[in-house]
Amino acid sequence: MIHHLKYQQQKEMGIFLGEIMGSSLSQSTRFKTVEGIVPLPIHKKREQKRGYNQSLQLAKGISNITHWPVLEDVVIRKSFSASQTAKQRYERWQ
């Protein structure tokens, strides 16, 4: 499902997965003080290529269940970094 979300342009999969996450989160007492969800942005170039930000889709799905607000303008991505899909584990860690 994650592969479909990230690489098959199935952004509705992010909403679905987020709703599953939201259901689990809403049943836990650990997250009772959450005030909002902050999806990490991707660089504008990557968003234009992909067409959407998968973390925003997940956040929207979580919000559908928990009713926590999605706070989109809290974090700004300034730099563009290369995709990590072709990197080895140590390279990704660095």
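Leu 40 is exposed in this predicted model. Its relative accessibility is 53%, and the cut-off for exposed residues is over 50%. Leu 40 sits in the loop that runs between α2 (12-26) and α3 (44-50). There it takes part in a nonpolar patch on the surface. The other members of the patch are Val 38, Leu 71, Val 74 and Val 75. Together with Leu 40, these residues form a patch of about 390 Å².

Two further residues of the loop between α2 and α3 were examined. Pro 41 belongs to this loop. With a relative accessibility of 18%, Pro 41 counts as buried, because the limit for that class is under 20%. Leu 40, by contrast, counts as exposed. Pro 41 and Lys 78 are 37 residues apart in sequence. In space, their C-alpha atoms are 9.6 Å apart. Glu 35 also has its place in the loop between α2 and α3. Glu 35 is exposed, and its relative accessible area is 70%. A separation of 32 residues in sequence lies between Glu 35 and His 67. From C-alpha to C-alpha, the two are 9.8 Å apart in space.

His 67 is placed in the loop between α4 and α5 (89-93). His 67 counts as exposed, at 65% relative accessibility. Its backbone also deserves a remark. Most residues other than glycine have a negative phi. His 67 is not a glycine, yet its phi is positive, at about 65°. A positive phi is also found at Gln 9, again in a residue other than glycine. The value for Gln 9 is near 55°. Gln 9 lies in the loop between α1 (2-7) and α2. Its relative accessible area is 46%, and Gln 9 is therefore partly exposed.

The overall fold can be stated briefly. The protein contains 5 helices and 0 strands. Along the sequence, the pattern reads α-α-α-α-α. The C-alpha trace spans about 40 × 30 × 25 Å along its principal axes. Of the 94 residues in the protein, 24% are buried.

Helix packing was described for one pair. Two packed helices are described by the angle between their axes and by the distance between the axes. The pair here is α2 and helix α4, the latter made of residues 54-66. Their axes come within 6 Å. The axes cross at roughly 45°. How are α2 and α4 oriented to each other? They are oblique. An angle of roughly 45° is neither under 35 degrees, as for roughly parallel axes, nor in the range of 65 to 115 for roughly perpendicular ones. The crossing of α2 and α4 is right-handed.

Met 21 gives a residue-level view of helix α2, where it has its place. Met 21 counts as partly exposed, at 36% relative accessibility. Along the chain, Met 21 and Leu 58 are 37 residues apart. Their C-alpha atoms are separated by 8.4 Å.

Helix α5 was considered through Glu 91, which lies in it. Glu 91 has a relative accessibility of 40% and counts as partly exposed. Glu 91 was compared in position with Val 74, one of the residues of the nonpolar patch. Glu 91 and Val 74 are 17 residues apart in sequence. Their distance in space is 28 Å, C-alpha to C-alpha.

Notes: Residues numbered from 1 in each chain as written. Predicted model: local features only at pLDDT ≥ 70, side-chain atom pairs only at ≥ 80, totals over all residues. Heavy atoms only, no water. Patch = residues over 30% accessible without salt bridge, like charges linked within 9 Å, V, L, I, M, F, W, Y side chains within 5 Å. Areas by Shrake-Rupley, 256 points an atom, 1.4 Å probe, with all protein chains shown as cover. Salt bridge = Lys/Arg side-chain N within 4 Å of Asp/Glu carboxyl O. Helix = DSSP H or I, 4+ residues; strand = E, 2+ residues; numbered from the N terminus. Buried < 20%, exposed > 50% of the residue type's maximum accessible area, 1.4 Å probe, protein only. Axes fitted to C-alpha atoms, helices over the stretch in contact; angles between N-to-C directions. Parallel < 35°, antiparallel > 145°, perpendicular 65-115°, else oblique. Left-handed = near helix turned anticlockwise from the far one by under 90°.
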